[in-house]
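Please open the model in your viewer and keep the sequence panel beside it. The tour below goes from one selection to the next and says what is found at each stop.

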Amino acid sequence: QVQLVESGGGLVQAGGSLRLSCAESGRAFSTEAMGWFRQAPGKEREFVAAISRSGTSIYYADSVKGRFTISRDNAKNTVYLRMDSLKPEDTAVYYCNAEIFITPYQRQNYWGPGTQVTVSS
């Protein structure tokens, strides 16, 4: 069974940095696009960043461009989110997401349980 597990969240002061990791475990045929979403209290879940399997296509939400960097290590089945110049409005639960082929013909979308990021002013 495929699972995604995030780590690296925590409490940081405004202007600080954090690096989130999301490790995939279990048997999968291949992992395609991976990404990060976040959900602040009282708000809907929103897109943060995404990266293609090859790493050649990368997308960011306007709110994080220039501050966040997404990357992946396919050998480790892990995606990362480096967050710099953090702002209080970045406070949210951050979720990892992946499009995974569990067989050559079955593609499913997976979510991790989330990791809390809190930025104090």
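Is arginine 38 buried or exposed? With a relative accessible area of 6%, arginine 38 is buried, where buried means under 20% relative accessible area, exposed means over 50% and partly exposed lies in between, computed with a 1.4 Å probe on protein chains only. Before going further, note that this is a predicted model, in which local features need pLDDT of at least 70 and side-chain atom pairs count only at pLDDT 80 or more, while totals for chains, interfaces and linings use all residues. Residues are numbered from 1 along each chain as its sequence is written, and side-chain values use heavy atoms, with hydrogens and water left out.

**Stop one: arginine 38 and its partners**

Select arginine 38, which is found in strand β4, residues 30-39; strands here are DSSP runs of E with at least two residues, and helices are runs of H or I with at least four, numbered from the N terminus. Now add glutamate 46, with which arginine 38 forms a salt bridge whose closest N and O atoms are 2.6 Å apart, a salt bridge being a side-chain nitrogen of Lys or Arg within 4 Å of a carboxyl oxygen of Asp or Glu. Glutamate 46 counts as partly exposed, with a relative accessible area of 35%.

Add aspartate 90 next, whose side chain meets that of arginine 38 in a salt bridge of 2.9 Å, N to O. Because arginine 38 lies in strand β4 and aspartate 90 in the loop between β8 and β9, this pair ties together parts that are 52 residues apart in sequence. Both arginine 38 and aspartate 90 are buried. If you also show arginine 67, you have the network of salt bridges that links Arg38, Glu46, Arg67 and Asp90. A search of the whole structure finds 6 salt bridges.

The side chain of arginine 38 also makes a polar contact of 2.9 Å with the side chain of tyrosine 94; a polar contact is a pair of N or O atoms within 3.5 Å, where within protein one must be able to donate a hydrogen and the other to accept it, and residues adjacent in sequence count only if both atoms are side-chain atoms.

**Stop two: tyrosine 94 and the core**

Center the view on tyrosine 94, which, leaving aside its neighbours within four places in sequence, is in contact (heavy atoms within 4.5 Å) with residues including Trp36, Val48, Phe68, Leu81 and Met83. Tyr94 is also among the residues with the most contacts inside the largest nonpolar core, which has 28 residues; such a core is a set of buried Ala, Val, Leu, Ile, Met, Phe, Trp, Tyr and Cys residues joined through side-chain atoms within 4.5 Å. Coloring by strand helps here, since β3, β4, β5 (46-51), β7 (68-73), β8 (78-83), β9 and β11 (115-120) each supply at least two residues of this core. Strand β9 gives the most to this core, with 5 residues.

**Stop three: the disulfide**

Which residues does the disulfide join? Select cysteine 22 and cysteine 96, which are joined with an S to S distance of 2.1 Å, a disulfide being a pair of cysteine sulfur atoms within 2.5 Å. Cysteine 22 lies in strand β3 (residues 18-25) and cysteine 96 in strand β9 (residues 92-103), so the pair ties together parts that are 74 residues apart in sequence. The torsion about the S-S bond of cysteine 22 and cysteine 96 is about -80 degrees, so this disulfide is left-handed. Cysteine 22 and cysteine 96 are both buried.

**Stop four: strand β1 beside β3**

Move to strand β1 (residues 3-7), along which the side chains alternate: Leu4 and Glu6 point to one face and are buried, whereas Gln3, Val5 and Ser7 point to the other and are not. β1 and β3 pair in the antiparallel sense over 5 bridges, pairing being assigned if DSSP finds at least two bridges between two strands. Valine 5 stands opposite alanine 23 in β3.

**Stop five: two loops**

Finish with serine 85 in the loop between β8 and β9, where phi is near 50 degrees, a positive value in a residue other than glycine. Serine 85 is partly exposed, with a relative accessible area of 41%. In the loop between β7 and β8, select asparagine 77, which has a positive phi of about 50 degrees although it is not a glycine.
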